[in-house]
Amino acid sequence: MVADRSSNSYNVFTSCTTVNPNQTLQFAKWLKGNSSFTDTELSPIYQDYRGLAPIYLQAGGKEILVDMIRDFAKTLEKQGSRVRLDIWKHMTHEFHGYGKHLPESREALEWIRRAIAWAQQSESNKEFSTIAQTEVNCL
């Protein structure tokens, strides 16, 4: 997916992250290769996720892709997919990598562990509790 360079987060948070906005364009070129696929065909936001397992998303509130991640979660919700999105307010794109140093990173990683454990439970009425960071919860 070619990053939406008009999104607020893409333009506002570029100084808050080690992800260079131009990298998204390079990643798109690598993904396409010599194929004739369009951006729409390759973009996750335009795919059909109905019938898939639950999807758990986390994002940093100060990352350049946060607006697109929110849009993706809303797309999943509109399709009737089971999705949850947690936004970690002051974190950047790569915040999970700082688990030894930031309490928010450790907490986010713990919620990933809990999400995996939750998804592996066999009962159909299981509950995956929301937290303060939860913005979308359709599980």
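Let's start with one residue, Ser-81: leaving aside neighbours within four places in sequence, Ser-81 is in contact with Tyr-49, Arg-50, Leu-76 and Cys-138. Contact here means heavy atoms within 4.5 Å. Ser-81 sits in the loop between α4 (66-78) and β2 (83-88). With a relative accessibility of 6%, Ser-81 counts as buried; the cut-offs are under 20% relative accessible area for buried, over 50% for exposed, and partly exposed in between (1.4 Å probe, protein chains only). The side chain of Ser-81 also reaches the backbone oxygen of Tyr-49, at 3.3 Å.

**What kind of model is this?**

This is a predicted model, in which local features need pLDDT of at least 70, side-chain atom pairs count only at pLDDT 80 or more, and totals for chains, interfaces and linings use all residues. Residues are numbered from 1 along each chain as its sequence is written, and side-chain values use heavy atoms, with hydrogens and water left out. The pLDDT score is the predictor's confidence in each residue, from 0 to 100. The protein chain averages 85, and 82% of the residues score at least 70. Where is confidence lowest, and where is it highest? The lowest mean, 57, belongs to helix α1 (residues 8-12), while β2 has the highest, at 97.

**The overall layout**

The protein chain has 5 helices and 3 strands. Helices (H or I, at least four residues) and strands (E, at least two) are DSSP runs, numbered from the N terminus. Going along the sequence, the pattern is α-α-α-β-α-β-α-β. Of the 139 residues in the protein chain, 37% are buried. Now look at contacts with a separation of 6 or more: 65% of them are between residues 24 or more positions apart.

**Two helices, side by side in a table**

The expected span of a helix is 1.5 Å times one less than its number of residues. Here is how that works out for α4 and α5.

| Helix | Residues in helix | Expected span | Distance between end C-alpha atoms |
|---|---|---|---|
| α4 | 13 residues | 18 Å | 18 Å |
| α5 (103-119) | 17 residues | 24 Å | 24 Å |

In α4, the expected span agrees with the distance between the end C-alpha atoms. The buried residues of α4 are Val-66, Met-68, Ile-69, Phe-72, Ala-73 and Leu-76. They cover an arc of only 160 degrees around the axis, so they lie on the same side of α4. (The arc is that of the directions from the helix axis to the C-beta atoms.) After α4 comes Gly-80, with a positive phi near 85 degrees.

Helix α5 has its own buried set: Ser-105, Ala-108, Trp-111, Ala-115 and Trp-118. Because they cover an arc of only 140 degrees around the axis, they are on the same side of α5. What do the buried residues of α5 pack against? They pack against β1 (55-60) and β2.

**The nonpolar cores**

In soluble globular proteins, nonpolar side chains tend to be buried together. A nonpolar core is a set of buried Ala, Val, Leu, Ile, Met, Phe, Trp, Tyr and Cys residues joined through side-chain atoms within 4.5 Å. The largest one here has 14 residues, and those touching the most other members are Ile-55, Leu-57, Phe-72, Ala-73, Leu-76, Val-83 and Leu-85. Two or more residues of this core come from each of β1, α4 and β2, and α4 gives the most, with 5 residues.

Follow Leu-76 for a moment: leaving aside neighbours within four places in sequence, Leu-76 is in contact with Tyr-49, Ile-55, Leu-57, Ser-81 and Val-83. There is also a second, separate core of 9 residues, including Trp-88, Phe-95, Ala-115 and Ile-131.

**A few more residues to find**

Asp-86 is in strand β2. Is Asp-86 buried or exposed? Asp-86 is buried, since its relative accessible area is 0%. The Asp-86 side chain makes a polar contact with the side chain of Tyr-56, at 2.6 Å. A polar contact is a pair of N or O atoms within 3.5 Å; within protein, one must be able to donate a hydrogen and the other to accept it, and residues adjacent in sequence count only if both atoms are side-chain atoms.

Tyr-46, in the loop between α3 (39-42) and β1, is exposed, with a relative accessible area of 55%. Although Tyr-46 and Thr-75 are 29 residues apart along the chain, their C-alpha atoms are separated by 8.3 Å.
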